[in-house]
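The following exercises concern burial, charge and backbone geometry. Please work through each task before reading its solution.

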Amino acid sequence: MSQKKLIIVMYHHVRRKNETFFPKLKSVNLKLFNKQINYLKKKYKILNINEFRDFIKNKKKLSKDSCIITFDDGYKNHFENVFPILKKKGIQGFFFPPSKAILSNTLMDSNKAQLLLASCNDTKLLNRELELLFNLHDVKKLINTTYEKLKKKYKKPFGYDDAETILFKRLIQIAIPQKIRSVILNKLIKKFINVDEKILSKNLYLSIPQIKKMIKAGMVFGNHGHNHSWLGENSERHQKDEIKKGLDFLKLIGMGTKEWIMCYPYGSYNKKTLKILKKKKCLVAFTTVNREYSNTDTRFEIPRIDCNNIFNY
């Protein structure tokens with residue numbers, strides 16, 4: 001008998017048509033999401049946590065081609081749009097919110113970047129403003145390289161994004177150190193959006209009561225770190241702190257930490273991360289590597305299929 005296929009599907013925003021909150025924010029339309037879920041339900045056996053555990057931990061063979069459906073970053077639209085569909089169809093979703101955004105009503109840097117890109121019609125203008133702030137705060141001295149060199153390195157189209165968008169994302173996500181990055185992002189938010197961060201946060205992320213309602217209905221929540229940082233680019237001490245705070249959050253929402261699941265922010269991890277997860281008795285960890293599962297994949301390096309590629313599988 002040939003080995004059955006397993007895919008883990010990755011979603012972020014799922015939004016309705018004609019959203020008034022940042023209408024240009026990149027997302028999967030709710031109508032398309034429903035179509036995708038129907039397709040997955042028809043073609044695959046959608047696994048719950050117990051079935052997935054049996055496959056990973058107990059090496060139980062899959063009875064047919066199977067999938068798991070995951071949702072990153074803890075967005076409010078997961079409760080409003082995703083949860084009712086999953087509940088109605090009897091599907092267990094796997095959700096991964098970063099704890100700080102929800103507990104502190106603050107925006108993750110990645111979401112600040114998303115909102116800026118969604119609010120500014122001219123990405124070149126946004127990058128010019130970023131360059132001015134880069135020079136104003138003398139970031140060159142902090143990272144020992146120039147804006148022009150970074151521009152040459154990062155200004156290349158990738159995936160569904162054009163070169164200007166990728167340049168902005170990579171400068172914010174990787175190149176500029178976190179402490180000064182937050183200062184720069186806050187200045188850009190004030191210039192291009194000018195709405196209080198707590199208001200933006202409450203409109204963007206899940207609340208604790210919403211999460212608890214989802215868990216009560218059978219949804220699974222896992223660890224996505226605390227501050228949604230690039231684990232693989234940080235010290236072991238920082239990684240331990242991020243993962244511990246993520247576990248504390250799972251306890252707070254009533255999910256528990258027995259055989260818990262990790263989802264790497266940005267898909268970033270290294271050997272130190274794997275060591276920490278093993279010590280903390282993590283069941284599995286999901287990456288952002290865009291392909292189906294292979295029996296050569298380790299349990300802390302599970303790939304996921306981007307939802308935009310579902311119909312190719």
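**Exercise 1.** Determine whether Asp138 is buried, partly exposed or exposed, and identify its salt-bridge partner.

*Solution.* Step 1: the relative accessible area of Asp138 is 33%. Step 2: buried means under 20% relative accessible area, exposed over 50%, and partly exposed in between, with a 1.4 Å probe and protein chains only. Asp138 is therefore partly exposed. Step 3: the side chain of Asp138 meets that of Lys141 in a salt bridge, at 3.7 Å from N to O. A salt bridge here is a side-chain nitrogen of Lys or Arg within 4 Å of a carboxyl oxygen of Asp or Glu. Step 4: Lys141 has a relative accessible area of 70% and is therefore exposed.

The model is predicted: local features need pLDDT of at least 70, side-chain atom pairs count only at pLDDT 80 or more, and totals for chains, interfaces and linings use all residues. Residues are numbered from 1 along each chain as its sequence is written, and side-chain values use heavy atoms, leaving out hydrogens and water.

**Exercise 2.** State how many salt bridges the whole structure contains, and examine the pairs of Glu51 and Asp248.

*Solution.* Step 1: a search of the whole structure yields 14 salt bridges. Step 2: Glu51 pairs with Lys45, with the closest N and O atoms 3.0 Å apart. Glu51, at 27% relative accessible area, is partly exposed, and Lys45, at 29%, is partly exposed. Step 3: Asp248 and Lys244 form a salt bridge of 3.0 Å, N to O. Why are Asp248 and Lys244 separated by about one helical turn? They are so placed because they lie four residues apart in helix 13 (residues 236-252); helices (H or I, at least four residues) and strands (E, at least two) are DSSP runs numbered from the N terminus. Step 4: a network of salt bridges links Lys26, Asp161 and Lys169.

**Exercise 3.** Describe the burial of helix 5 and name the helices against which its buried residues pack.

*Solution.* Step 1: helix 5 spans residues 109-119, and nine of its 11 residues are buried. Step 2: among them are Asp109, Lys112, Leu115, Leu116 and Leu117. Step 3: the buried residues of helix 5 pack against helix 6 (123-136), helix 9 (163-175), helix 10 (178-192) and helix 11 (197-204).

**Exercise 4.** Locate Ser63 and list its contacts beyond its neighbours within four places in sequence.

*Solution.* Step 1: Ser63 lies in the loop between helix 2 (49-56) and strand 5 (66-72). Step 2: with 59% relative accessibility, Ser63 is exposed. Step 3: apart from neighbours within four places in sequence, Ser63 is in contact with Lys4 and Lys45, where contact means heavy atoms within 4.5 Å. Step 4: Gln3 is 60 residues from Ser63 along the chain, yet their C-alpha atoms are separated by 9.3 Å.

**Exercise 5.** Find where Asn105 and Tyr266 lie, and give the sign of phi for each.

*Solution.* Step 1: Asn105 is placed in the loop between helix 4 (99-104) and helix 5. Its phi is positive, about 50 degrees, although Asn105 is not a glycine. Step 2: Tyr266 occupies the loop between strand 8 (261-263) and helix 14. Tyr266 has a positive phi of about 60 degrees, although it is not a glycine. Step 3: Asn105 is partly exposed at 23% relative accessibility, and Tyr266 is partly exposed at 22%.
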